[in-house]
Each structure stands twice: as C-alpha cells, then as structure tokens.
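Trainee: I would like to go through this model with you, one question at a time. Please end each answer on what I asked for.

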Amino acid sequence: MTAIEQHPRHRLDELLQNPVRFSIVAALDRASTLSFKEVRDVVEITDSALSKQVSLLEGAGYLAVGKSFAGKMPRTSLTLTREGRAAWKAHLATLREIAQGLS
Amino acid sequence: MSDTTPVAPAEAQALLDRAEHLSRSAHNATRWPYITFILALGVATSMGTLAMGLTTGNAFGLAYFGTLTATFALIMFFMITIRGRSAFARGRRWTAYIASWFVTYAAAISVVIWAHGSVLASGITSALILVVTMACAAREARS
C-alpha cells in the first residue's frame, strides 16, 4: 500500500462526491423521508436534474422512491435507505478526518 | 472529485458545513406541523380525558363532544397542512410518538370507563398524556 492510497480521500464515496447527490442525501439525513418537491426546494435544482440524480442514487440502493396519489396528483417520496445512511455516515466521517488534517 | 482530485481540509470542512445546513434546513421546513400537532393532540386529549373522568351528566357529555370535536379539528388541520408532503410518512420516530400518545390515551380512557370519578387516577393518566406528548414534541424540536 502506497502513501497515496492511505489518504482518507480514497475512502470517500464515489457516488456522494457529486454536489447534487451530496445535497440530496444531506437533505434526507435528519428527515429520512421527504417528497420530491421538498427535496427540490431545499437543494434548489430543476425537476429534471433532481430526477436524474435520484435515479442514480436509487440504482445504487441509497434511496427508495415511493409513488402514490393525493387525489389525482401524483406524489413521489424519497427515503434514505439503511445502505444509503451507512454510506453517508462513512462519507461524513472521512470528510471529518480530512478536515481535521489527520491524513 | 475523483481519486485524482485532492480534497483539502478547508474544502472538507466546507462540505461538512453544507451538509449540516441542508440537513437542518430540510428538517426545519417540514417538522413544525408535526410538532404542533402532537403538542395540540396531547393538550386536547389530556384536558378532555381529565374532564370526562371527573364529570357526570351534561357536563360529561359536553367534555366528551368537546374532546371529539377538538381532536377531529386537529386531525383535519394536520391533514390539510401536510398535504403533498412526505416527511415522517415512513418515519419510525413519528410512529413511536403516535404509539406513545395512544398508549397513554388508552390508559386515560380506561380510567374514564372503569374508575370514573377517581381524581387521582384521572389526574395521573391525563398528566401522563401531557408529559409523553410534550416529551415527543421536545425531542423532535431539539433534533
């Protein structure tokens, strides 16, 4: 193992290094479940951009996407999965390690 | 950022700050209807069960219908407020809060049915509803 490989940045989650995906998961950290609209408003991005990143996070098993109807209006909910929470915690722990200059 | 992009300590700290800010903003924007509801539900049912436990005749009827009306109005207000929202929808915390309220409310209603007129039993069970719901609201407000 080389010195470069030991740097904590190599442990950062590849998927969560994208700023939008990082923001989506951050928004869901405390609330656990939010509607698509609530996440869009907090992260401040367009529906299509959010939809694209949500699909990637869902594909990785980090998010569960729920579909329901409120009357005739479709409602989409986003829930941080156990796997997603674990990845998020590990990502934050690595960032803390880097921030403290422990590398 | 990839493996070839170094993450400086200052950048890592900025990301941590952003994560904290986003997490808190999202939670703050969604939790207040839930906190208000659980608090109001606790107050209404606590006062209602106390009044029902200690009154008879017309006064009991008034307390009964007053509690039902207040609870119904609260639920309607809550449903309208959270329409289109998904926060807490599958949350274990929210389920635990409602379950805690229900257990204490069931105890208070049991006193109304089987120990009607007992000031001590009514006082304890009604106070328990208030304490439990206030604790749930406080926990959510401080999270």
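Trainee: Among contacts in chain B between residues at least 6 apart in sequence, what percentage join residues at least 24 apart?

Mentor: Keep in mind that this is a predicted model. Chain B has 4 helices and 0 strands, and its elements run α-α-α-α from the N terminus. Counting contacts between residues at least 6 apart in sequence, the share joining residues at least 24 apart is 74%.

Trainee: How many of the 143 residues of chain B count as buried, as a percentage?

Mentor: A residue counts as buried if 20 or more other C-beta atoms lie within 10 Å of its own. In chain B, with its 143 residues, the buried portion is 28%.

Trainee: Turning to chain A, which of its elements has the highest mean pLDDT?

Mentor: Chain A averages a pLDDT of 87, and 91% of the residues score at least 70. Among the elements of chain A, strand β2 (residues 63–70) has the lowest mean, 84. The highest mean, 95, belongs to α3(A).

Trainee: What distance does helix α1 of chain A reach from its first C-alpha to its last?

Mentor: Helix α1 of chain A covers residues 19–31, which is 13 residues. At 1.5 Å a residue, 18 Å is expected. The model comes close to that, with 19 Å.

Trainee: Which residue follows α1(A), and is its phi positive or negative?

Mentor: The phi of this residue is near 70°. The residue is A:S32, and the sign of its phi is positive.

Trainee: How many residues of α1(A) are buried, and which element of chain B helps to cover them?

Mentor: The helix is mostly covered, with 11 of its 13 residues buried. Among the buried ones are A:R21, A:D29 and A:R30, along with A:F22 and A:I24. From chain A, the cover includes β1 (33–35), α2 (36–43), α3 (47–59), β3 (73–80) and α4 (82–99). The count is 11, and the element of chain B is α1 (9–54).

Trainee: Which element gives the most to the largest nonpolar core?

Mentor: Of the 31 residues in this core, those that touch the most other members include A:I24, A:V25, A:A27 and A:L28. At least two residues each come from α1, α2, α3, β3 and α4 of chain A and from α1 of chain B. The element that gives the most, with 7 residues, is α1(A).

Trainee: How many residues are in the other core, which lies apart from it?

Mentor: Its members include B:F37, B:A44, B:V111 and B:I129. The number of residues in this other core is 16.

Conventions. Residues are numbered from 1 along each chain as its sequence is written. Chains are lettered from A and ligands numbered from 1 in the order in which they are written. This is a predicted model: local features need pLDDT of at least 70, side-chain atom pairs count only at pLDDT 80 or more; totals for chains, interfaces and linings use all residues. The expected span of a helix is 1.5 Å times one less than its number of residues. A residue is buried if 20 or more other C-beta atoms lie within 10 Å of its own, exposed if 12 or fewer, and partly exposed in between; C-beta atoms are placed from the backbone. Two residues are in contact if their C-beta atoms, placed from the backbone, lie within 7 Å. A nonpolar core is a set of buried Ala, Val, Leu, Ile, Met, Phe, Trp, Tyr and Cys residues joined through C-beta atoms within 7 Å. pLDDT is the predictor's confidence in each residue, from 0 to 100.
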